[in-house]
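Student: Could we go through the labels attached to this model and check how each of them is earned?

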Amino acid sequence: MDSLSEIVSFGWQSSLRVAHSSFVFTSKALGILAQLTKGNPNHREIAIALREAFSNLGATYIKLGQFIASAPSLFPKEYVEEMQACLDSVRPVAFRDIRSSVERELGGKLETLFHSFDESPLASASIAQVHAAVTKEGLDVVVKVQRPDVHLTLKTDMQILGILTKILEFIAPEFKKSGLTAMFEEFQTSILQEIDFIQEAKNIEEFENYLLRVKESRARVPRVYHTLSTKKVLTMERFYGVPITDEVGLRKYTNNPRKVLSDALEIWFSSLSNQGFFHADVHAGNLMILKDGTIGFIDFGIVGRISPKIWKGLMLFTQGIGIGEPTLVAKGLVEMDSTDSGVNPAVLAKELDSVFNELESVYVHLTDNEIFDESKVNRIMYEMKEIAEKNGLKIPREFALLMKQMLYFDRYVKSIAPEINLFRDTQKFAIS
């Protein structure tokens, strides 16, 4: 908190937030508790009730719903499917509030700051809203504006969610088995990263500096306009293009979509191997092919950094999965551990054998052109991590970010270049 007025504001707004959250959850709680106390609760009904509560509460809770939707290995199928609704655009912030936020942050009237500023948002998400604008110099930009008071409500929301996590684990042991507490901590870390736009600007420019250093001309990041940016407002160059998963759209700018995807993978993996830095949220909307044929990486709110030790372990891990060798998978997990735990890779490999066979069967089915079961792969990855931790390994947070990102990429691969086995071919893409 930066001032006494902000502390006072947080105090009464926090109380209001608790009251509002309590009212919303109470309206759903009786039905949820009735289901949980049953011997065989109806998780579909519980998931619907939670999704409705999340939608009413907005911001943090919608982000939590999105997190659940993207983690099928950690939550029951009913919750993952129901929370898909949270992936859609959320209710937009009124333009008068956006205007007020921008003017307060940048210290001037909107008309003096920009030549034009579209009132209708390009996108409305749980943390921020994006508007198209034109600078006084005539440059096309996008302006990312945090939702009003989102930083003030986060602390309260996190406290409430922490309590709810403990209650759910106590009432329904299956949630405890899923590692809900650890996932809540991961969610908390990632969402706090996303509300510091100064750090996001630094992340963008760190990736840009890497591209310049290695003379990489196949990809770009948007230019940041620092004089029109603060911790809560981020003004960037506007990119024109299509998502890399839009194969029809891709063909407007390239006659070889497979090469575009291959280039994107090489660039992402090279930053990981050479810089120890990676964009950790490259979903479909954040990876584009631009009108000039280059690849655009956007939205650097979540990034990861790894040490050479973790990189070496990741290479062993993915190589083991790709060639069907559980001992290499085990060695990779041991290598990633930051402690001297003395775990025997052969013993660990034996314990991993059953889930490894499941994973191998998934890839065997892929060669037969069957539908890719991402949820099954996600679950298997989590089981591997759980077995490793039971054996005394401390798997770094970055491992989860890397696996999530590789599964995103694997989805693109199966759509555009199904002959590629991303895990087997990791070293091929990790060019120097």
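**From values to labels**

Student: Why does Asp281 count as buried?

Tutor: The relative accessibility of Asp281 is 10%, and buried means under 20%, so the label follows directly from the value for Asp281. Please keep in mind throughout that this is a predicted model. Asp281 sits in the loop between strand S8 (277-279) and strand S9 (287-290), and, leaving aside residues up to four places away in sequence, Asp281 touches Asn286, Ile302, Gln405 and Tyr408.

Student: How many helices and strands does the protein have, and what share of its residues is buried?

Tutor: There are 18 helices and 11 strands, and 53% of the 432 residues are buried. The protein exposes about 20000 Å², of which carbon and sulfur atoms supply 53%. When contacts between residues at least 6 apart in sequence are considered, 65% of them join residues at least 24 apart.

Student: How many aromatic pairs does a search of the whole structure find, and what makes the pair of Phe207 and Phe277 tilted?

Tutor: The search finds 7 aromatic pairs. For Phe207 and Phe277 the centres are 6.3 Å apart and the planes make an angle of 40°; rings pair if their centres lie within 6.5 Å, and planes under 30 degrees apart would be stacked while those over 60 would be edge-to-face, so tilted is the label that remains. Phe207 belongs to helix H10 (residues 197-213) and Phe277 to strand S8, 70 residues apart, so that the pair links distant parts of the chain. Both Phe207 and Phe277 are buried.

Student: Why is it said that Phe207 and Phe300 tie together parts that are distant in sequence?

Tutor: Phe207 and Phe300 form a tilted pair, with 5.3 Å centre to centre and 45° between the planes. Because Phe207 lies in helix H10 and Phe300 in the loop between strand S10 (295-297) and strand S11 (303-305), the pair joins parts that are 93 residues apart in sequence. Phe207 and Phe300 are both buried, and ring pairs link Phe207, Phe277, Phe297 and Phe300 into a cluster.

Student: How do you know that Glu237 and Arg220 form a salt bridge?

Tutor: The closest N and O atoms of Glu237 and Arg220 are 2.4 Å apart, and the limit for a salt bridge is within 4 Å, so the pair qualifies. Glu237 is in strand S6 (residues 233-237) and Arg220 in strand S5 (residues 219-220), 17 residues apart. With relative accessible areas of 21% for Glu237 and 27% for Arg220, both values fall between the limits of under 20% for buried and over 50% for exposed, and both residues are therefore partly exposed.

Student: What makes Arg220 and Asp292 a salt bridge, and why does Asp292 count as exposed?

Tutor: The closest N and O atoms of Arg220 and Asp292 are 3.7 Å apart, a value that also satisfies the requirement of within 4 Å. This pair links strand S5, which holds Arg220, to the loop between S9 and S10, which holds Asp292, 72 residues apart. Asp292 has a relative accessibility of 52%, and because exposed means over 50%, the label applies to Asp292.

Student: Why is Lys259 called partly exposed, whereas Asp263 is called buried?

Tutor: The value of 44% for Lys259 lies between the limits of 20% and 50%, so Lys259 is partly exposed, whereas the 10% of Asp263 is under 20%, so Asp263 is buried. Salt bridges that share partners join Glu216, Arg218, Lys259, Asp263 and Glu266 into one network. The closest N and O atoms of Lys259 and Asp263 are 3.0 Å apart, and both residues lie in helix H12 (residues 257-275), 4 residues apart, about one turn of the helix.

Student: Which residues have the most contacts inside the largest nonpolar core?

Tutor: Phe297 and Leu333 have the most contacts inside this core, which has 70 residues. Helix H17 (residues 397-416) gives the most to this core, with 10 residues. Outside the four places on either side in sequence, Phe297 touches a list of residues that includes Phe207, Phe239, Trp268 and His279. A second, separate core of 22 residues includes Leu50, Ile68, Cys86 and Ile195.

How values were computed:
Residues are numbered from 1 along each chain as its sequence is written. This is a predicted model: local features need pLDDT of at least 70, side-chain atom pairs count only at pLDDT 80 or more; totals for chains, interfaces and linings use all residues. Side-chain values use heavy atoms; hydrogens and water are left out. Helices (H or I, at least four residues) and strands (E, at least two) are DSSP runs, numbered from the N terminus. Buried means under 20% relative accessible area, exposed over 50%, partly exposed in between (1.4 Å probe, protein chains only). Contact means heavy atoms within 4.5 Å. Accessible areas come from the Shrake-Rupley method with a 1.4 Å probe; for residues, only the protein chains shown count as cover. Rings of Phe, Tyr and Trp (its six-membered ring) pair if their centres lie within 6.5 Å; planes under 30 degrees apart count as stacked, over 60 as edge-to-face and the rest as tilted. A salt bridge is a side-chain nitrogen of Lys or Arg within 4 Å of a carboxyl oxygen of Asp or Glu. A nonpolar core is a set of buried Ala, Val, Leu, Ile, Met, Phe, Trp, Tyr and Cys residues joined through side-chain atoms within 4.5 Å.
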